[in-house]
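Q: I am new to this structure and would like a close look at a single part of it, namely its salt bridges. Please take me through them slowly.

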Amino acid sequence: MNSRQTVLIGGATGNVGGGAALALAQRGAHVVLLGRRQGTLDDKVDATRVVLPEDEQEDVSLDTLTVDFADMDSVRMAADEALDRFPAIDGLVLSAVAHVQGGPNILPNGHELMFATNVMGPFLFANLLRDRITQSGGLILHVVAPFHERIDWEDLESIRKHRTTQAYNRTKTMHRMIAAEMARRYAGDITSVAFDPGFTIDTEDPTLRDRWPTGFLGIYWRVLTKLFASPPAVAGEPLAHLMLSHRDRDALNGALYKRYRRIDKRDKAMNDEASGRRLWDELAARTVLTKRS
């Protein structure tokens, strides 16, 4: 494999995405950070460069691309821009995620905010780039969590019966379903992997206190973070290893990893093929995905 692979990171200003950006840049990849705000992306690029030794900074290749995963028009424009700017896309990390209280939060496009950001946008973006990623024999890495929530097919976006934690956990369950369904549909073309980074929080992030949930949930997350959180590098290092160090990517297709460890135990969401197909078809309809994708 070429040492200068191009890897796009959705959610690059977050905990896992930020750790992945640094680890991939250190390994010589051309890293493209994706996020909603150009200013925040620029700050993240600067912060990533600062922690690298001076003699390595000239060789580091960092780029940015703005996209709002809650807005399907923004997703389509970002995908078009990515295809124009990057003749090869060797990897895509899908780590963009929103945890929003007080829902359901209905967007102007009629979709629920967490569902659109966490599920619809990344699904559409990955599929719009699929042909380009196929040309490189690329890897799509879905950042997942072990939560399992039953899918309510009559209320897929958690609008009628919205509880914040339940709705969020449902989107994380869908991540594993999508990773597995993508692996089944496109085996031999791309590699689709589910990656569980564990509980990762950048406690040095100056914006962290502004992003905590309110009320009891905020207290719970603060205590949890103090007791159990790992820094971004703990997730970023194994993620970069998965992305860059495996010559036979086909051997990874459909796998679930917990950091460096491959999980052999069958995952309920990933192994439910009927639900995986149904979710894929629902998302294709909601994102108006073309038939060829």
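Is Arg286 buried, partly exposed or exposed, and what is its relative accessible area?

A: This is a predicted model, and in it Arg286 is partly exposed, with a relative accessible area of 28%. The side chain of Arg286 meets that of Glu157 in a salt bridge, with 2.7 Å from N to O. Glu157, for its part, counts as buried, at a relative accessibility of 6%, where the cut-off for buried is under 20%. Glu157 belongs to the loop between β5 (139-143) and α7 (164-185), while Arg286 belongs to helix α11 (residues 273-286), so the salt bridge ties together parts that lie 129 residues apart in sequence. In general, side chains of opposite charge can pair when their charged atoms come close.

The pair of Glu157 and Arg286 is one of the salt bridges in the structure, which holds 9 of them. Two others share the residue Glu181, whose side chain meets that of Arg184 at 2.9 Å, N to O, and also that of Arg185 at 2.7 Å, N to O. Here the partners sit within one helix: Arg184 and Glu181 are 3 residues apart in helix α7, and are therefore separated by about one helical turn. Arg185 and Glu181, which are 4 residues apart in helix α7, are likewise separated by about one helical turn.

The surroundings of these residues can be described in the terms already used for the pair above. Glu181 counts as buried, at 3% relative accessibility, whereas Arg184 is partly exposed, with a relative accessible area of 31%, and Arg185 is partly exposed as well, with a relative accessible area of 36%. In both of these salt bridges, then, a buried Glu181 is joined to an arginine that is partly exposed, be it Arg184 or Arg185. The linkage also takes in another residue, since Asp281 is joined with Glu181, Arg184 and Arg185 in a network of salt bridges.

Taken together, the close look shows a pairing between a loop and helix α11, formed by Glu157 and Arg286, and, within helix α7, the pairings of Glu181 with Arg184 and with Arg185.

Methods:
Residues numbered from 1 in each chain as written. Predicted model: local features only at pLDDT ≥ 70, side-chain atom pairs only at ≥ 80, totals over all residues. Heavy atoms only, no water. Salt bridge = Lys/Arg side-chain N within 4 Å of Asp/Glu carboxyl O. Helix = DSSP H or I, 4+ residues; strand = E, 2+ residues; numbered from the N terminus. Buried < 20%, exposed > 50% of the residue type's maximum accessible area, 1.4 Å probe, protein only.
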